[in-house]
Amino acid sequence: MSKTALIVIDMINTYEHKDAELLIPSAESVVPVIADLLSRARRRAAPVIYVNDNFGEWRSHHGEVLEHALASPHAHLVEPLKPDAESLFVLKARHSVFFETPLQYLLHQQGIDQLVLTGQVTEQCVLYSALDAHIRHFQVTVPKDAVAHMHEDLARAALQMMERNMGARVCRSEDLWE
């Protein structure tokens with residue numbers, strides 16, 4: 001029997017980085033969608049795993065990353081998505097959620113073989129994470145209304161690549177956990 005986890009990529013964020021002004025409008029549109037997916041996943045007892053950039057802070061842990069994001073001018077984008085006591089949290093240093101993180105081990109330990117990828121940035125971290133999940137034989141779903149982008153044209157192309165080249169299911173969030 002397959003088990004699905006909701007993966008939230010890089011949404012615990014201060015938006016104080018290069019190109020943030022390109023990302024914020026899209027992030028604002030996906031935050032309520034991801035918040036709804038979090039609620040539905042939690043009601044179904046589906047594992048929720050946050051995989052977040054450490055922003056080069058090598059002494060940081062997830063609590064510090066969350067506190068820093070909640071103290072930022074863009075805390076309204078973080079507050080609705082805060083991890084709960086049951087959420088798991090993995091810090092990453094590069095684009096893919098798998099690159100030199102314990103995520104693959106964690107997923108196997110939990111018996112997870114399906115991933116729902118949400119978060120940001122569609123044409124970067126989500127795309128590279130979908131590819132790495134695919135080559136690790138995970139089934140991938142990407143709700144297109146739950147991923148934020150900087151460049152809409154590149155995001156559309158990235159979603160098309162995930163669907164065609166990686167066999168990902170690209171759908172709307174309302175089609176999940178109905």
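1. In this predicted model, L6 of strand β1 has V116 as its bridge partner in β4. The two strands, β1 and β4 (residues 114-120), run parallel and are joined by six bridges.

2. Strand β1 also pairs with β2 (residues 48-53), again in the parallel sense, and this pairing has four bridges. Here I7 is bridged to I49 of β2.

3. Strand β1 itself covers residues 4-9, and five of its six residues are buried, so the strand is mostly covered.

4. Together with helix α1, strands β1 and β2 form a β-α-β unit, and its hand is right-handed.

5. Helix α1 takes in residues 20-43, which is 24 residues. At 1.5 Å a residue it should span 34 Å, and the C-alpha atoms at its ends lie 32 Å apart, so the two values agree. The agreement should be read alongside a kink in α1 of about 35 degrees, centred on A27.

6. A45 follows just after α1 and has a positive phi of about 60 degrees. This residue may be worth a look in the backbone display.

7. On the cysteines: the count of disulfides is zero, with a pair of sulfur atoms required to lie within 2.5 Å. C125 has a relative accessibility of 7% and therefore counts as buried, the cut-off being under 20%. C171, at 6%, counts as buried because it falls under that cut-off too.

Conventions: Residues numbered from 1 in each chain as written. Predicted model: local features only at pLDDT ≥ 70, side-chain atom pairs only at ≥ 80, totals over all residues. Heavy atoms only, no water. Expected span 1.5 Å × (residues − 1). Bend = angle between axes of the 7 residues up to and from the residue. Buried < 20%, exposed > 50% of the residue type's maximum accessible area, 1.4 Å probe, protein only. Pairing = 2+ DSSP bridges. Right-handed = clockwise from strand over helix to strand, strands pointing away.
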